[in-house]
Amino acid sequence: MPEHAMIALAAIAAVGVGCQWFAWWLKLPAILLLLLTGILLGPVTGFVQPDALFGDLLFPFVSLGVAVVLFEGSLRLEFHQIRELAGVVRNLVTVGVLVNWLVIAGAARLLLDIPGGLALLFGGIVVVTGPTVITPLLRTMRPTADIANILRWEGIIIDPLGAVLALLVFEYLVSEQQGGTVLLLARLLLIGGTAGFAVAHLLGVLLRRHLLPGYLVTVATLALVLGVFTASHALPRESVLLAVTVT
């Protein structure tokens, strides 16, 4: 079993790099080949079985990976990139999310005959784009700088917002007191925003005052981000996604 695990892990790394190189050579978004290969190696052939390979560590690995992706994507965002386009980004992550959510929920209700409540929940889950989808598309499509910046900001911001939306819909469906949903939203935004700003301020102080040696900056930054995310045992998990993005 350990030998198979080593082979599977090495194969995942090699195939992942190979898919991205092949996608670059074909001028296709890497996410397409990665998804297809993952389906073939997992459900189709059974060569990679995540549950057997990682066991109880599967969910923590995936969760920490999400934190790293969101943080790394947020680092690439600079306000000067959208100074004149902030209204477009704001509309995409507010009105755009609302429209997409309702359209997807309506399509799921009419085409798949899903009950209304579950259709709304489904729409809230799939409304997210995210950096893992947007970034490969931008590399392949090479849009203008303004469009690329808008999509990059939208892809990062909408990840935690989509998670919050899905949670709120779920809370609304299972809760008998609708006021609890509003309180949950305020709690998520307050906790996530406060935790994110606090950690970002701490990191800024450490860097500005040179309290960390150069060789520890990257590791310490990653440790802080993972520390914020693992606080999810005491905080609502969706607020931690927001905290990581704000950081």
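## A tour of the predicted all-helix model

Begin by selecting Leu222, which sits in helix H10; helices (H or I, at least four residues) and strands (E, at least two) are DSSP runs, numbered from the N terminus. With a relative accessibility of 38%, Leu222 is classed as partly exposed, where buried means under 20% relative accessible area, exposed over 50%, and partly exposed in between (1.4 Å probe, protein chains only). Add Ala67 to the selection: 155 residues separate Leu222 and Ala67 along the chain, and their C-alpha atoms are 9.7 Å apart.

This is a predicted model, in which local features need pLDDT of at least 70 and side-chain atom pairs count only at pLDDT 80 or more, while totals for chains, interfaces and linings use all residues. Residues are numbered from 1 along each chain as its sequence is written, and side-chain values use heavy atoms, with hydrogens and water left out.

**The whole chain**

Colour the chain by secondary structure. Eleven helices and zero strands appear, in the order α-α-α-α-α-α-α-α-α-α-α along the sequence. Of the 247 residues in the chain, 34% are buried.

**Helix H8 and Val93**

Move next to Asp159, in helix H8. Is this residue buried or exposed? Asp159 counts as buried, because its relative accessibility is 19%. Select Val93 as well: Asp159 and Val93 are 66 residues apart along the chain, with 9.8 Å between their C-alpha atoms.

**The largest pocket**

Now display the largest pocket, which holds about 1300 Å³ of space. Select Gln20, Ile31, Leu34, Val69 and Thr132 to find its centre, since these are the closest to it of the 38 lining residues. On a 1 Å grid over the protein atoms alone, a pocket is an open set of points where a 1.4 Å probe fits, with protein on both sides within 12 Å along at least five of seven lines; a cavity is a set from which the probe cannot get out, and lining residues have an atom within 4 Å of a point. Grid points are joined across faces, edges and corners, and the volume is the space filled by probe spheres set on the points.

Which helices each supply at least two residues of the lining? They are H1 (2–26), H2 (30–44), H3 (50–54), H4 (58–75), H7 (131–141) and H8 (145–174). H4 gives the most, with nine residues. Colouring the lining by class shows 23 nonpolar, ten polar and five charged residues; Ala, Val, Leu, Ile, Met, Phe, Trp, Tyr, Cys and Pro count as nonpolar, Asp, Glu, Lys and Arg as charged, and the others, Gly among them, as polar.

**The nonpolar patch and the H1–H2 loop**

Select Trp21, Phe22, Trp24, Trp25, Leu26, Leu28 and Leu32, which form a nonpolar surface patch with about 790 Å² of accessible area together. Patches are made of residues with over 30% relative accessible area and no salt bridge, nonpolar side chains (Val, Leu, Ile, Met, Phe, Trp, Tyr) being joined within 5 Å and like charges within 9 Å. Accessible areas come from the Shrake-Rupley method with a 1.4 Å probe, and for residues only the protein chains shown count as cover. H1 contributes the most to this patch, with five residues.

Leu28 belongs to the loop between H1 and H2 and is partly exposed at 35% relative accessibility. Lys27 is also placed in the loop between H1 and H2. Its phi is near 60°, a positive value in a residue other than glycine, and Lys27 is exposed, with a relative accessible area of 66%.

**His210**

Go on to His210, in the loop between helix H9 (179–208) and helix H10 (214–230). The phi of His210 is positive, near 55°, in a residue other than glycine. Most residues other than glycine have a negative phi. His210 counts as exposed, at 68% relative accessibility.

**The salt bridge**

Finish with Arg109 and Asp113, which form a salt bridge with their closest N and O atoms 3.2 Å apart. The term denotes a side-chain nitrogen of Lys or Arg within 4 Å of a carboxyl oxygen of Asp or Glu. A search of the whole structure finds one such bridge. Arg109 is partly exposed, with a relative accessible area of 37%, whereas Asp113 counts as exposed at 59% relative accessibility.
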